[in-house]
Amino acid sequence: MRFFPRLLLSHLLVIGLALGGLFLSAEWIAPAFYRSHVEQMVRLLGPEGASLRPDLEMGMRMTLTRALLASLPLAVLVAAGTALLSSRRVVRGVQLLREGSRDLASGEYARRLPEEGRDELADLARNFNRMAAALERVEQGRVELIGNVAHELRAPLAALRGYADAMTDGVMSPEHAARSLVREVGAMERLVRDLSLVSRVEAGAVELHPSVFAPSALLLATQERFEDAFAAKGVTLEVRHASNLPEVRADLERASQVLTNLLSNALRHTPEGGRVEVEAERASVCVRFRVTDTGTGIAPEHLGRIFERFYRGDPARSRLDGGSGVGLTIARGLTEGMGGRLEVASRPGEGSTFTFTLPLASVPPPSMPRREASAQL
């Protein structure tokens with residue numbers, strides 16, 4: 001049996017039981033209400049009143065029964081009409097949910113249900129719409145990810161084919177071609193490695209090994225790593241920090257990875273003769289690390305999206321400049337996983353400032369946050 005007739009019959013059954021209970025209750029308790037009136041009538045009638053008591057009680061009972069029977073058709077009609085309207089409304093909501101679920105199952109993630117009223121059906125429609133929106137974001141992320149990965153792989157694959165053809169045609173020596181092939185394969189390996197890491201970062205599945213260390217140790221190690229690269233490009237690298245900075249609790253290797261990513265970006269976008277400053281200072285319950293460059297800067301319309309996977313403010317910038325497009329996504333995920341925050345401020349033509357924080361050693365380490373499903377690979 002379909003849901004609507006089953007629901008309507010259920011309502012009618014309840015109405016029938018309610019009317020039956022009403023009649024039985026009326027017959028049972030009605031004498032208690034009219035008995036005093038019968039006694040008054042018997043007293044008013046005098047000695048003959050006692051013999052009329054059964055007739056008087058029977059008359060009262062029959063009058064009540066006739067009144068209930070006379071009102072029964074109208075009561076049944078009103079109750080049945082109400083049950084019909086109520087059943088249709090409930091069934092309509094169920095039908096909309098069924099149709100919406102069927103559309104979602106077929107891939108129509110843009111489907112939404114009307115959110116009318118304040119009852120449970122309206123709550124169900126709102127929750128359905130939230131679920132549909134989440135699935136739509138997941139689908140959009142999946143499509144964007146496939147497109148971005150295909151785009152990132154297209155260039156090295158084309159280069160590999162070009163080098164192979166050049167070597168086959170004798171245009172390029174095998175030794176020269178081999179070096180180029182190794183470079184392109186290395187780029188593809190880096191992309192796969194970054195994709196694997198960003199997937200684990202967004203899923204909150206990166207294993208961290210927190211330890212207590214001095215911020216100066218992180219800064220000095222990173223400075224030693226980048227000194228030659230900055231000098232080779234002609235960019236000044238300046239590292240400053242207070243001598244009495246408190247120790248922080250974080251994964252030293254991952255914190256170094258975050259700072260390395262920020263310095264790599266700063267070096268990449270700062271022209272020769274520019275300057276990059278790295279500072280560290282205490283801020284409440286954390287230590288704030290700041291990387292400031294005098295590079296090209298970021299336009300305001302791109303600031304809100306630079307932490308997204310594969311997002312590049314300048315579409316003309318290719319992967320050949322050294323970035324895989326997920327470095328900032330990884331950096332933000334790692335920073336948040338260690339209990340900190342990563343932010344950016346920038347003005348076109350004046351450079352950018354990336355700031356990330358790490359909690360003091362006295363602050364308990366947080367658990368790795370899990371992002372919503374739409375952000376997962």
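**Salt bridges and overall architecture of the predicted model**

In the predicted model, Glu279 and Arg290 form a salt bridge in which the closest N and O atoms are 3.7 Å apart. This pair links distant parts of the chain, since Glu279 belongs to strand β4 and Arg290 to strand β5, with their positions eleven residues apart in the numbering. Both residues also take part in a network of salt bridges that links Glu238, Arg240, Arg275, Glu277, Glu279, Glu281, Arg288 and Arg290. Side chains of opposite charge can pair when their charged atoms come close.

Strands β4 (275–283) and β5 (286–293) are joined by a loop that contains Ser284. The phi angle of Ser284 is near 60°, a positive value in a residue other than glycine, whereas most residues other than glycine have a negative phi. Ser284 has a relative accessibility of 59% and therefore counts as exposed, the cut-off for this class being over 50%.

By the criterion applied here, the count of salt bridges comes to 19. One of them is formed by Glu27 and Arg61, with the closest N and O atoms 2.7 Å apart. The pair again links distant parts of the chain, with Glu27 in helix α1 and Arg61 in helix α2 (residues 49–105), 34 residues apart. Glu27 counts as partly exposed because its relative accessibility is 26%, and Arg61, with a relative accessible area of 29%, is likewise partly exposed. A further salt bridge brings together the side chains of Arg347 and Glu350, at an N to O distance of 3.9 Å; in this case Arg347 is exposed, and Glu350 is exposed as well.

Helix α1, which spans residues 3–45, also contains Leu9. Together with Met1 and Leu12, Leu9 makes a nonpolar surface patch of about 320 Å². The relative accessibility of Leu9 is 47%, so that this residue counts as partly exposed.

At the level of the whole protein chain, the secondary structure comprises eight helices and seven strands. The radius of gyration of the chain is 39 Å, well over the 21 Å that the globule rule gives for 377 residues, and the chain is therefore more spread out than a compact globule. Taken along the principal axes, the box filled by the C-alpha atoms has dimensions of roughly 135 × 60 × 35 Å. The accessible surface comes to about 22,000 Å², and carbon and sulfur atoms contribute 58% of that area. Of the 377 residues in the protein chain, 35% are buried. Among contacts with a separation of 6 or more, 72% are accounted for by residues 24 or more positions apart.

The confidence of the prediction varies along the chain, as the following values show. The average pLDDT of the protein chain is 85, and 93% of the residues score at least 70. Over residues 368–377, by contrast, pLDDT stays under 50, although the model has 31 contacts beyond four places in sequence for this segment. Where pLDDT is low, the predicted coordinates should not be read in detail.

Definitions and conventions
Residues are numbered from 1 along each chain as its sequence is written. This is a predicted model: local features need pLDDT of at least 70, side-chain atom pairs count only at pLDDT 80 or more; totals for chains, interfaces and linings use all residues. Side-chain values use heavy atoms; hydrogens and water are left out. Patches are made of residues with over 30% relative accessible area and no salt bridge: like charges are joined within 9 Å, nonpolar side chains (Val, Leu, Ile, Met, Phe, Trp, Tyr) within 5 Å. Accessible areas come from the Shrake-Rupley method with a 1.4 Å probe; for residues, only the protein chains shown count as cover. A salt bridge is a side-chain nitrogen of Lys or Arg within 4 Å of a carboxyl oxygen of Asp or Glu. Helices (H or I, at least four residues) and strands (E, at least two) are DSSP runs, numbered from the N terminus. Buried means under 20% relative accessible area, exposed over 50%, partly exposed in between (1.4 Å probe, protein chains only). pLDDT is the predictor's confidence in each residue, from 0 to 100. Contact means heavy atoms within 4.5 Å. The radius of gyration is taken over C-alpha atoms; the globule rule is 2.2 Å times the number of residues to the power 0.38.
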